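Let's take a walk through this protein together, starting with the whole and then moving in on a few residues.

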Amino acid sequence: MKSFISWLWSGFGTGTTAFRGIGMAICTLLIGLIAVYYLISWIVRLFQKKEVNGTV
């Protein structure tokens, strides 16, 4: 995974400024999507625990 992020951060291996910008944007969006996924799964687990305890 680290090599993939480095590849994106370096502009798909080219090092040019335009491709570095695109790579950084993709990297930022991926990190944001992962954060949103974990936040949603945490909220779902929180509500599922309340349903199991019967304190809906």
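**The overall picture**

The protein's accessible surface adds up to about 4700 Å², and 73% of that belongs to carbon and sulfur atoms. Accessible areas here come from the Shrake-Rupley method with a 1.4 Å probe, and for residues only the protein chains shown count as cover. Keep in mind that this is a predicted model: local features need pLDDT of at least 70, side-chain atom pairs count only at pLDDT 80 or more, and totals for chains, interfaces and linings use all residues. Residues are numbered from 1 along each chain as its sequence is written, and side-chain values use heavy atoms, with hydrogens and water left out.

What is the protein built from? It has two helices and zero strands; helices (H or I, at least four residues) and strands (E, at least two) are DSSP runs, numbered from the N terminus. Of its 56 residues, 9% count as buried, where buried means under 20% relative accessible area, exposed means over 50%, and partly exposed is in between (1.4 Å probe, protein chains only).

**Where the helices meet**

Have a look at Trp-9, which sits in helix α1. Trp-9 counts as partly exposed because its relative accessible area is 41%. Setting aside its neighbours within four places in sequence, which residues does Trp-9 contact? They are Arg-20, Met-24 and Cys-27, with contact meaning heavy atoms within 4.5 Å. The C-alpha atoms of Trp-9 and Cys-27 are 7.4 Å apart, though 18 residues separate the two along the chain.

Now take the view from Met-24, over in helix α2. With its neighbours within four places in sequence left aside, Met-24 touches Leu-8 and Trp-9. Met-24 and Trp-9 are 15 residues apart along the chain, and 5.4 Å separates their C-alpha atoms. Met-24 has a relative accessible area of 26%, so it is partly exposed.

**A group of rings**

Next come the aromatic rings, which make four pairs in this structure. Rings of Phe, Tyr and Trp (its six-membered ring) pair if their centres lie within 6.5 Å; planes under 30 degrees apart count as stacked, over 60 as edge-to-face and the rest as tilted. Trp-7 and Phe-12 are one such pair, edge-to-face, with 5.2 Å centre to centre and 75° between the planes. Both belong to an aromatic cluster formed by Phe-4, Trp-7, Phe-12 and Phe-19.

Phe-12 is found in the loop between α1 and α2. Its phi is positive, about 60°, although Phe-12 is not a glycine. Phe-12 is partly exposed because its relative accessibility is 25%, and Trp-7 is partly exposed too, at 41%.

**A nonpolar patch on the surface**

Finally, turn to the outside, where a nonpolar patch of about 1200 Å² includes Met-1, Phe-4, Trp-7, Phe-19, Ile-34 and Tyr-38 among its residues. Patches are made of residues with over 30% relative accessible area and no salt bridge (a side-chain nitrogen of Lys or Arg within 4 Å of a carboxyl oxygen of Asp or Glu); like charges are joined within 9 Å, nonpolar side chains (Val, Leu, Ile, Met, Phe, Trp, Tyr) within 5 Å.

Which helix gives the most to the nonpolar patch? That would be α2, with eight residues. Helices α1 (2–9) and α2 (17–53) each supply at least two. Ile-34 is in α2, and it is partly exposed because its relative accessible area is 42%.
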